[in-house]
Each structure stands twice: as C-alpha cells, then as structure tokens.
Amino acid sequence: MKDNHSRFEICRRELLAGAAYFALGVSRSSATVIFDHLPWTPNAGDPPTAATPGPWLFFAGDEGKTVEALADRIIPPDPETPGGKESGSAVFIDRQLAGPYGRQDGLYVRPPFLKGAKNQGHQSEKGPAQEYREGLAALDKACKDQLGGKAFFELSDADKDRVLNGLESGDFKLDGVDGRAFFEQVVKDVQMGFFADPIYGGNRDMVAWKMIGYPGARYNYLDWVSRHNEKFPLPPVSMTGRAEWTTRTQR
Amino acid sequence: MRRRFRGSLAVTALLLTTASSFAGDTDPQAFTQIERGRYLTILSDCASCHTVPDSSQPFAGGRPIETPFGNIVAPNITPDPETGVGSWSDEQFDAAVRKGIGRNGSRLYPAMPYNAYTKMSRDDVLAIRAYLNTVPPVGNAVIANTLPFPFNIRTAMRVWDALYFKEGDYRPDPKQSVEWNRGAYLVDGPGHCGACHTPKTFLGGDKTDQYLQGSYLQGWSAPDITNNSRLGLGGWSKEDLVSYLKSGHNRVTAATGPMGEVVTLSTAHMTDPDLNAIATYLKSLPGKTEQASPLSANEPTMAAGAAIYRDQCSACHGLDGKGVAELFPSIADSSMARSDDPTTSIRIILRGARSVGTSAQPTAPGMPSYGRQLDDNEVAAVLTYMRNSWGGAAGAVAADQVSKVRLDTALRPD
Amino acid sequence: MARRLPKKDVVIVGFGWTGSIMANELTDEGLEVIAIERGPWRDAPTDFPPTYMQDELRYRIRHELFLRPDQLTFTFRNKMDQTALPIRSWGAFMPPNGVGGGGVHWNAEMWRFLPSDFVVKTHLTERYGASFLPEDMTIQDWGITYDELEPFYDRFEYLCGTSGTAGNLRGQIMEGGNPFEGPRSRPYPTPAQAQPFSHTLFGKAARELGYKPFPQPSGNLSQAYTNPLGLKMGPCTYCGFCEWFGCSNYSKASPQTTILPYLVRKPNFTARDNSEVIKINVDKSGKRATGVTFVDTSGEVWEQPADLVILSAYTMFNVQLLLHSQIGRPYDPVANTGTVGRNYTHQTVSTVNGFFDPKKFNFNPFIASGSIGMCIDEFNGDNFDHGSHGFVGGGYMGQVQTGARPIESALVPPDTPKWGAAWKTAVKENYLSTVKPGTGVHGSFYAYRDIYLDLDPTYKDRFGRPLMRITMDLKENEIKQNKFLTDKFAEIIKAMGADKLAVQYRTGPYDITTYQTTHLNGGAVMGSDPTTSVINRYLQSWDVPNLFVLGASAFPQNPGYNPTLTVGALAFWAAAAIRNKYLKSPGRLVDA
C-alpha cells in the first residue's frame with residue numbers, strides 16, 4: 001500500500017535528499033591478478049547513493065506517521081533547531097530499513113537461531129526491517145488498547161512521552177515484542193539519522209551538526225590543531241557540499 | 001603472465017646475449033651499433049606507439065593511435081619477415097622513419113612523427129634498425145589505416161608533406177653551446193616533443209609560430225613547455241625539469257596520462273647529460289609574452305571555488321596550495337593548472353589520475369575522481385579559484401568547458 | 001577439482017601488514033612470490049578518497065571496510081559449559097578484509113612492548129613468586145628478547161615514518177619521552193604530532209600529579225616523509241577519520257603507503273585479490289606444506305603450489321586455517337594437551353569521559369588523528385609494584401581522543417535523560433567541551449587455561465566447514481587490574497578540570513557486542529617448547545617447517561599496548577631468519 005503524502009510533502013523530501021548521485025561506482029568484486037604497477041581505473045570509487053526523494057520506501061500504512069511522531073518526541077523541535085521529524089530522521093530510518101541494513105545483508109543468518117545471553121549478541125532471524133514492522137504494530141495496538149483507541153501518533157505530546165517513559169522503564173508493555181529493546185533501537189536510530197551525513201535523509205541542512213558545532217565531512221584542520229580553545233570558524237560541510245560551494249551565494 | 005614492456009627494456013643484456021637466434025641479417029658482434037640503437041629507440045619512444053600497453057610483445061604493433069581524423073594502428077616493427085620489418089631493406093626502413101615513405105612508396109601518415117625523426121641521421125636510424133633486429137620477431141599482421149574517407153587516401157599526404165614536412169638532418173646552431181644543440185636535437189628529433197606540445201593546424205600540421213606552446217590531443221591538453229613563466233616552465237629550475245623527466249615527479253608536479261607513459265618508456269631511461277641538454281634547450285625558449293591579471297577574490301566564482309578548495313582539495317594540496325614535494329602537486333606553482341586550455345586539469349578533477357611510478361619515485365600517488373562529487377559549476381569554480389590564487393592568473397573556466405570534457409572523456413580509457 | 005597454477009617459491013596467505021613485509025623481504029631474496037588476499041585490492045584514491053570517506057554511518061556504524069560475517073564468522077561463549085552462538089554482526093572486534101588488512105583502517109598507534117613483557121613469566125615469578133599468579137593463568141615467555149627484536153622494531157618504525165619522542169635512547173632517558181620504554185637505537189624518524197587542547201590539558205594534569213606524560217607514538221605523520229623504500233608520505237591533516245576508515249591523503253602508515261607501490265614493481269611479485277585460501281596443503285608425511293587451495297569470487301577452486309607457505313592472515317583466520325588444515329594438534333583445555341587454539345587473548349580496555357564547563361572549554365574534539373594523544377606508562381606491565389594490588393599486568397592510559405564523529409561522540413553527562421528536550425539541550429551544550437578518550441585505559445590481557453579457540457560443533461561456514469568457536473571471559477585478575485587503572489585515569493581526567501565524569505570500568509562477563517579493540521591474539525603462539533607453542537621463536541611451525549605463521553596469533557599473552565608495531569617487527573624478524581638461515585638450509589630452525 002502506498003502512503004498518501006501530499007505533493008508538497010514529496011517536494012520537501014526531494015529538496016532534502018539533495019543532488020542525485022549516479023550509481024556508477026566501480027565495485028571490484030571479481031578476482032584479479034595484480035603485478036607490475038598499481039591498479040588504476042578512471043572514475044573509480046563507490047560514493048554513497050543519496051537517499052531517494054519521494055514516498056516512503058519501507059513504511060506502510062501509518063508506520064511513517066508513527067516513526068515521525070517518535071522522532072519528534074525523541075528529538076523535540078525547539079526555536080533554534082528542528083526536531084527529529086522535520087530534520088528527516090524518519091526518512092533516514094525508512095531508507096535504511098528499505099536497504100541492505102534492513103535486510104541484514106552481509107550478516108551471518110544461518111540457523112539454528114537459539115536464545116542466548118545478551119552478551120552473545122542479537123540472535124534473531126528477523127532483520128531490523130521485520131522488527132520495526134512488528135514493533136510499530138505492537139506499539140499502535142498497545143496505545144489503542146490502553147489510551148482510548150488512539151494510535152501513538154494521535155496522542156498528545158504529554159501522552160506520547162508517558163508511553164515512551166513507560167517503554168523505557170519496562171512499565172508499558174507491548175504484546176509479543178520487547179518494548180524496551182524496541183524503544184532503545186528507535187532512540188538509537190532516530191539519533192543516528194540526526195547525526196549522520198544529510199545524504200542519508202536525516203540531519204537536513206546539517207541542522208544537527210550546526211547545533212553541536214561539528215564541522216562535518218572535512219579533511220583538513222592543520223591550521224587549527226594548535227589553536228587551543230578557539231572556536232573553529234567554518235560552517236559544516238556534507239558529502240554533497242555546503243551552500244558556499246555554489247556561485248550564487250556570496251559571502 | 002604478461003608483463004609490461006618496462007621490464008623488457010631493463011633486460012637488454014639478456015636480449016643481447018640471445019640476439020643471434022633472432023638476428024636476421026644483424027651481425028651479432030655489432031655491439032656498439034645495437035647499444036646505440038637501443039638508446040635511440042628509447043629517445044624516440046618507439047614503444048609508446050608500437051607496443052600495446054601491458055603486452056609482452058614489444059614492438060609488435062597493433063596499438064590504435066588516435067588522431068583528429070580517426071585512428072591509425074601502429075604497425076609491427078619486429079624483425080618478423082612477413083608481418084614486421086624483417087624483410088625490409090635498410091633504405092626502405094630509413095625512408096619510412098625519416099621521409100614518411102612506406103615500403104611500397106606510399107606516404108605514411110604523420111602520426112608517425114617522421115617530420116621530427118628526419119632530424120636524425122641515417123646512422124641513427126640504422127642503429128635503431130640494428131636494435132630492432134634483436135627483439136623477438138612476432139607474427140602480427142596489422143592493418144594500419146583505419147581512417148575514414150577522404151583521409152584514407154594516402155596520396156593526399158603528398159600535399160600535406162609539401163605544406164608541413166621539411167626533410168633534413170639536424171643542423172647545429174654554431175652560436176649555441178654543444179649542450180643546447182644536443183637538447184634541440186633531442187627535442188625536435190627523436191624526442192618529437194612537438195607532436196604533442198606544438199599546436200596543430202586543421203590539417204594536423206605544426207603551427208610553427210606557436211612552437212611548443214601547448215596543444216590538445218587524445219582528450220588531453222599538453223602544456224606549454226617553453227620558458228614562459230606563467231604558462232610554461234619559467235618557474236622551474238633545470239633541476240626541476242630533469243627530475244620530472246627522470247622520475248615523473250618534482251617539487252611542483254607529477255606526470256600522468258600520455259606524459260606518464262613517455263616518462264615510463266622514454267625519459268626515465270635517458271642519461272643525465274641528455275636530460276640536462278633537454279632542460280637547457282627548453283629553458284632557452286622564450287615562448288609567448290602576453291600577461292593575464294588575476295580575478296578578484298570577491299568574484300562569486302572565486303568565493304565558491306575557495307570554499308570547495310578548502311573542503312575538498314586542501315587535505316593534499318595544502319591550504320597554501322603548495323602540496324607536498326614529489327607527492328602532491330603544488331597548485332600554487334603549477335603553470336599547467338593555468339594553461340589556456342584547461343582540458344587536462346578538468347579531466348584530472350573529473351576522472352582522477354594515477355601519477356607515474358618510476359624506480360626513482362615509486363609512490364605513484366593517485367588523485368581521486370571528483371566527477372560525481374562536484375557538478376560542472378563546482379569544478380569550474382574550484383579550477384577558476386586555483387588558476388587565480390597564490391599569485392597566479394588565468395582566465396575563468398566556464399561550466400560548459402567542464403561539460404564538454406565530461407562528455408568527451410566519458411568513454412575513454414586512461 | 002582444483003585447477004593447478006604454476007608453482008611459486010613462496011605463497012603468502014593474507015596481504016596485510018605482515019604479508020606485505022614478508023613479500024617485500026623475500027622478493028629481495030630473488031624468490032618468486034605470490035600473495036593471495038581474500039578481500040579486494042584497496043587504495044586511497046580509488047577506494048577511500050576524501051570525497052566520501054568521512055562517513056561515520058557507512059564506515060563506523062555499518063562496518064564497510066570489514067569482513068562480512070556472512071562470508072566468515074565465529075561462535076562465542078563465556079564458559080566451557082555454555083552453548084556458543086554465532087557472532088551474527090561484529091561487535092567486540094572487527095575482522096579486517098582486503099589488501100592492506102587492518103593496516104588500512106587502524107589508528108596507527110606505534111607502541112613497543114616492554115623488555116619485561118617478553119619474559120613475563122620468568123620476570124613475575126622471580127619478583128613476586130609463582131604463587132602470586134592465578135592458578136589457571138597460562139602466561140609464558142616468548143622465546144625472544146626485546147634486545148633481539150629491537151633492530152626490527154626500528155625497521156618497522158622507519159618504514160612507517162613514525163612520529164614520536166624518544167624516551168630511552170640507547171639507555172639514556174630522554175626528557176619528554178616515555179621513560180619506561182626499552183632502549184631504542186635511534187630516535188623516531190619524525191617528531192611527535194601536534195597535540196590538540198584537551199590532549200595538552202591531560203599532559204599538564206598528569207605532570208602535576210607526578211607522572212611523566214609523553215606523546216603517543218604515531219603512524220599518522222607530523223610531517224612529510226620518504227621511507228627507506230623511497231615511498232613518500234604526506235603530513236596528517238588531523239581530520240579525525242582514522243580508525244574504521246582508510247586514510248585518503250597518504251599520511252597514515254599502511255601497506256598501501258609504505259610498501260605496496262614499491263613491491264608491485266618487482267618482476268618476481270604477483271598478488272591475487274578476492275581469493276580466499278581455504279586450506280594449506282601438506283604432503284603424505286604431514287610434515288611438509290605443498291601449497292594452498294583457494295577459491296576466487298567466481299567459485300573457481302585453485303591450487304597454488306609453493307615451496308614455502310607464509311600464513312599472514314588476521315589472528316583468527318591464522319588459527320582457523322591451521323585447524324581446518326589439521327596442522328598441529330588442537331588444544332584441549334580439559335586434558336591440557338595440544339597447542340592450536342591455546343592462549344587466546346584480547347585487550348582489557350576501559351575509559352572515562354569528562355564533561356567540562358562549556359563556557360570555559362572548547363576542545364574542538366573533531367580535530368584529531370588516530371594515534372594522537374598524551375599518555376602515561378607508570379601503570380603498564382611491571383612498571384609499578386604489584387605486590388599490594390593482588391593482580392598482574394597493566395596498561396598505558398591517556399587522552400587519546402581520535403576524533404568526535406557525532407553519532408558516537410555526541411555525549412551527555414551521566415545523569416541526563418537519553419532522549420527528549422533535556423537530552424537535546426545537553427548534547428548541544430556538551431559536544432565541544434567533552435573529553436572522550438578512545439581507549440583511555442589500554443590494559444593487558446593475560447592467558448588462561450579455559451580461554452581458547454576450537455571448532456564449533458554446530459555452526460558451519462558457507463563451505464560447510466565448522467566455524468571456529470571462541471571461549472572467552474574476563475578473569476578476576478583483569479577486572480582488578482582494570483579497576484585500579486581506570487581509577488588512576490579518572491583522577492587525571494578530574495585534575496584536568498572536568499565537572500562530571502562517566503567512569504566505565506571493564507567488567508565481566510566478556511561481552512561480544514561491545515567494541516574492545518581488534519587486538520585479538522594467540523591461538524598459534526610462539527615459544528621455545530613445542531608442547532606449549534605452535535611456532536618456534538622464528539615463527540616457524542614446529543610441525544611443518546616450511547610454514548611460517550605471522551601476526552598477533554604468535555603472542556603468548558597480550559601486554560598493555562597496541563600490537564601492530566610488535567606484529568610488524570616479528571614479521572621482519574621472521575623474514576630475516578628465512579633469508580639468513582632457512583634458505584641456506586631449509587628445515588627446522590630450532591630443534592624440538
């Protein structure tokens with residue numbers, strides 16, 4: 001089922017996803033024999049593909065709204081910095097779950113799946129995508145059951161926070177899902193989207209990096225390493241650049 | 001296992017001891033002539049065209065040489081009697097190399113730089129022949145002429161020769177030093193530097209009034225190699241130039257692309273006196289004199305370029321543009337970056353480049369490809385900034401120049 | 001059926017630091033050498049360029065440069081009576097993959113071990129008596145001394161251009177260096193890196209507390225350098241993307257920057273990438289290796305015959321290949337027999353984060369290199385009297401903050417909520433004024449009878465072979481050691497002026513999900529007794545003399561330093577033994 005985002009909403013995401021990158025990366029996955037000189041191919045490299053603009057790729061039904069609501073309570077907006085929803089953390093999670101991360105690509109997924117100690121690591125056959133699907137469904141069901149038939153995203157901010165505090169403490173239980181573990185995962189992912197490079201869909205306009213004073217994907221601080229206790233003067237830069245890269249902007 | 005040809009040149013001694021088994025009509029005792037021929041073959045960089053890169057069959061031909069008129073495939077010059085030059089007479093060989101006349105009397109195309117090789121003596125050419133007779137004969141029939149009509153008509157070359165070909169050995173200039181004359185001979189004769197570095201007319205002949213002032217070929221712009229201080233070698237010492245030719249690297253820049261190949265196959269193997277002679281000669285050429293004034297740092301393009309340079313380039317090329325000697329080229333001191341034709345700079349930014357590795361400078365550092373990171377405006381801005389900073393000055397690069405290079409190089413190998 | 005390739009003099013299994021060093025040394029000897037690497041060829045301009053390498057999500061969080069567990073992983077349990085479960089996603093350590101191995105994505109700390117570390121059993125027994133050591137501790141001497149290894153430490157340091165301040169130059173203690181280090185024959189090739197603000201504060205606080213702080217020796221260079229092979233390196237630009245990342249500007253020592261461009265030019269050298277060695281082949285006698293069998297990415301199986309086999313993969317894969325090839329006797333902790341898999345160790349690390357007044361302190365914590373930092377060595381090895389403490393071992397400690405990539409470094413003080421408006425405000429306020437040492441306390445991990453590697457009875461790899469099983473826990477000795485060291489460390493962070501501390505001791509049980517360095521060691525240890533070691537002092541297999549096993553799998557136990565400098569020095573040492581001894585008379589270099 002496709003979600004019914006307004007056209008306006010989609011446009012916003014197109015902007016947010018930035019310039020389209022071409023997936024021309026040369027991946028060297030076949031065996032080669034190297035001798036005489038260092039290998040070289042022009043246009044080499046495998047830059048990341050920018051999060052695609054447009055509707056949800058993974059979330060279905062109200063899942064996207066729920067994650068946006070979660071994102072906005074985990075990182076609430078304030079007058080200076082947008083919250084988790086506006087800065088794109090839900091988009092980040094959607095794109096991650098729709099991609100290799102959500103599918104557990106590259107992980108060891110051979111059976112048997114036995115329950116072990118926590119320090120033996122995650123042992124679920126389900127990948128993050130399936131766990132989100134089940135966790136979000138269980139959260140909505142628990143909210144509807146216990147909070148007057150309302151889904152999580154329909155609750156007041158105060159009620160949302162009560163639910164989240166309950167999940168965190170273990171008092172608010174989800175049916176068939178470890179609510180505390182699910183909430184921990186969501187907090188981690190929302191904050192990850194907030195601090196990751198904007199190319200992945202979150203941290204729109206590098207708002208999180210501006211908020212904390214992180215200068216981004218830079219490669220040279222030689223002029224500042226010995227300038228102790230002085231603020232680094234340049235704004236953040238992402239893998240897609242910064243406003244000052246375009247000739248339209250005069251400083 | 002196929003080894004690049006570099007190895008073959010290094011094992012001359014081995015070739016010499018086994019020469020008799022391949023020797024054809026060469027006297028196996030003709031050590032001096034063969035040695036001289038081997039070195040002249042290096043000076044003439046025959047392998048660049050006549051050996052397919054990464055091939056284990058030196059001089060067997062088959063490499064397509066791109067010209068503005070189409071591709072010409074370099075012939076087999078091994079001593080194979082049927083497909084090589086084994087059954088050619090010395091006269092025929094000399095006529096081909098120095099007069100551009102093929103075995104059957106037809107005209108060669110000037111992709112074969114006979115207009116430069118004509119400066120060599122008959123003895124030089126026969127020494128080359130003597131050396132070539134010692135390499136393993138390879139049966140490899142090459143169809144050289146793959147040009148489209150009308151360029152496939154060889155008789156047309158008579159006209160070309162009349163316009164652009166001046167036959168004759170190098171004549172020393174008595175007013176100049178012995179070293180200068182040796183340099184002039186090497187540059188204009190076997191080295192055939194002008195083939196890439198002198199601009200061409202629409203018919204492919206040299207624009208002699210712009211001798212060695214930079215040209216364009218095969219998707220690369222070859223820089224001005226006169227002593228012009230803004231665009232050429234004026235800022236380089238003789239030692240800088242010798243180091244560049246010998247190792248592919250110096251305090252300012254690094255060789256890549258076709259010049260990297262020239263260094264690998266030819267100049268890295270030249271003697272120090274010859275490299276010094278080349279340097280002496282090139283440093284004596286005044287080049288053109290027109291000046292340029294830098295763009296203002298306040299220009300929007302310059303401001304954007306400064307931001308991109310700081311974020312994307314300075315980690316290697318330095319905040320001061322100076323790079324690291326013999327590792328990362330100095331943009332501040334690079335006349336190449338300020339060439340009138342920015343093709344090579346654009347190409348290197350878009351596609352990246354591997355600098356040449358030599359025994360003197362084995363690092364062979366690479367420049368990453370920025371073609372997906374930066375759009376055409378951004379490449380133009382950062383290049384404009386580099387051309388007009390640290391005391392340099394050159395015209396702004398436009399985004400459509402970048403688009404053109406992007407399109408033109410899209411399907412090229414390096 | 002495997003397709004047979006032409007025989008080579010030497011086949012090298014795994015093309016990281018040790019494989020590169022050995023390949024370069026043996027090609028110098030004129031031997032035909034082929035190196036086979038499981039992962040892809042990698043190089044800065046093509047594989048980790050500055051255009052997109054500074055990506056915390058991709059490289060740190062999603063482990064881009066590391067082996068995919070799907071290709072090969074291990075199972076893990078704490079104790080012998082537990083069922084081991086597979087490591088489905090990496091956590092406690094990050095197995096490397098690809099040309100350059102761990103040398104691509106390391107922090108480039110360049111530590112020498114202490115002279116006493118190589119004779120630790122003898123030294124501790126003499127000083128404290130045999131009963132001072134825990135009964136199940138199986139530490140042993142290395143069979144080599146610091147003095148024997150010193151010339152090879154020196155070679156590796158000069159290969160890498162190491163930046164540092166000498167502390168002991170030919171026996172003379174030097175101001176500003178580590179006074180506890182063993183005597184070095186030469187100063188470091190380049191001066192120490194510049195230190196950012198918080199690192200200098202640590203140095204000042206440590207000095208005021210009576211310690212002798214010194215800059216961490218670094219393979220990220222303070223200035224441009226040309227190494228003995230003629231290879232050029234650039235100066236580090238303090239971008240703060242070292243560990244987990246490849247270096248884009250030729251300033252971090254790696255096989256790529258210090259060996260490979262020189263090595264590939266040699267006509268007697270070849271490398272094969274994307275090809276996984278699955279077995280070391282031995283002849284019928286079982287005492288002679290005949291080469292290796294490998295699989296390329298297309299699934300084609302090849303046999304590479306060779307006269308000499310160099311096993312130079314990561315610790316875990318060295319041990320696993322020995323087990324799968326049935327070379328040497330597998331270790332049995334119950335019967336206390338066998339050697340392959342014995343004395344497996346990790347590193348005991350912990351840290352203390354310090355939260356400072358944002359109005360007074362701006363550390364610009366993102367300005368860093370992987371091995372930057374001010375350290376003290378008063379509590380390493382046996383540099384202090386352990387008599388009253390009830391444990392052995394120790395470690396260095398320091399403010400070695402290697403960057404402040406925000407997903408992992410946007411920290412909040414201990415009493416702050418983990419989410420919501422209060423969290424957001426705290427993150428905003430604290431980011432620039434938090435001290436977050438990477439591995440602030442870097443302690444030793446000694447060996448025990450029931451910490452070991454063997455083959456798992458249940459889980460299989462993609463070829464149907466058993467996964468290797470890790471049985472690993474933290475013992476009381478290491479927990480005590482860590483408590484002692486972490487408290488000392490916290491005192492210094494406090495003295496720097498921190499308002500609040502987040503003290504994170506290392507406690508049991510050993511947790512496979514928490515990163516604790518990739519310094520896994522042992523399992524194929526060196527020594528002078530074939531009943532307690534897999535290889536002799538020249539890293540030569542006791543059982544198969546034309547097989548040498550390089551890397552930290554040779555460490556009988558793990559001292560309180562990063563392992564790579566010793567790993568590289570041992571590779572040079574083994575190469576010298578092959579060149580000067582083995583090639584003249586192939587056979588056992590040490591009588592069993």
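The exercises below, each with a worked solution, concern a predicted model.

**Exercise 1. Describe the overall build of chain C, and decide whether its radius of gyration fits the globule rule for its length.**

Begin with the secondary structure, which in chain C amounts to 14 helices and 23 strands. Next, set the radius of gyration of chain C, 23 Å, beside the 25 Å that the globule rule gives for 592 residues; the two are close, so chain C is as compact as a globular protein of that length. The box filled by the C-alpha atoms of chain C, taken along the principal axes, is roughly 70 × 55 × 50 Å. Then turn to burial, where a residue counts as buried if 20 or more other C-beta atoms lie within 10 Å of its own: of the 592 residues in chain C, 65% are buried. Finally, consider the contacts in chain C with a separation of 6 or more, of which 76% are made by residues 24 or more positions apart.

**Exercise 2. Work out the order of the strands in the open sheet of chain C that contains S4, and state which strands stand at the edges.**

Start from strand S4(C), residues 74–77, and follow its partners one by one. With strand S21(C), residues 466–471, S4(C) pairs in the parallel sense over four bridges, and within this pairing Phe74(C) has Met468(C) as its bridge partner. With strand S5(C), residues 85–86, S4(C) pairs in the antiparallel sense over two bridges, where Phe76(C) is matched with Leu85(C). The next step leads from S21(C) to S20(C), for these strands run antiparallel and are joined by five bridges, with Tyr452(C) partnered by Thr471(C).

Put together, these pairings give an open sheet of four strands in the order S5-S4-S21-S20 (chain C), with mixed pairing. S5 and strand S20 (452–460) of chain C each have a single partner strand and stand at the edges, so one side of each is left without a neighbour in the sheet. As a last step, look at the two faces of S4(C), both of which are covered: Phe74(C) and Phe76(C) are buried on one side, and Thr75(C) and Arg77(C) are buried on the other.

**Exercise 3. Check the length of helix H6(C) against its expected span, and find what covers its buried residues.**

Helix H6(C), residues 146–160, has 15 residues and should span 21 Å at 1.5 Å a residue; its end C-alpha atoms are 20 Å apart, which agrees. The buried residues of H6(C) are Leu149(C), Phe152(C), Tyr153(C), Arg155(C), Phe156(C), Glu157(C), Leu159(C) and Cys160(C). Among the elements that cover these buried residues are helix H8 (255–258) and helix H14 (564–582) of chain C. After the helix comes Gly161(C), which has a positive phi, near 75°.

**Exercise 4. Describe the contact between chain A and chain C, first by residue number and then by element.**

Count the two sides first: chain A gives 64 residues to the contact and chain C gives 72 residues. On the side of chain A that touches chain C, the elements giving two or more residues are strand S1 (33–34), helix H2 (63–74), helix H7 (179–195) and helix H8 (207–212) of chain A. The largest share of this side, four residues, comes from H8(A). By class, the side of chain A that touches chain C has 37 nonpolar, 18 polar and nine charged residues. The chains also meet through strand pairing, since two bridges join S1(A) to strand S11(C), residues 269–272, in the antiparallel sense; here the bridge partner of Ile34(A) is Ala271(C).

**Exercise 5. Identify which helix gives the largest share of the side of chain B that touches chain A, and classify the residues of that side.**

The contact takes 27 residues from chain B and 25 residues from chain A. Two helices of chain B, H14 (300–317) and H16 (376–387), are the elements that give two or more residues to the side touching chain A. The largest share, nine residues, belongs to H14(B). As a final step, the residues of this side of chain B are sorted into 10 nonpolar, nine polar and eight charged.

How values were computed: Residues numbered from 1 in each chain as written. Chains lettered and ligands numbered in written order. Predicted model: local features only at pLDDT ≥ 70, side-chain atom pairs only at ≥ 80, totals over all residues. Rg over C-alpha atoms; globule rule 2.2 N^0.38 Å. Buried ≥ 20, exposed ≤ 12 C-beta atoms within 10 Å, placed from the backbone. Contact = placed C-beta atoms within 7 Å. Nonpolar A, V, L, I, M, F, W, Y, C, P; charged D, E, K, R; others polar. Pairing = 2+ DSSP bridges. Expected span 1.5 Å × (residues − 1).
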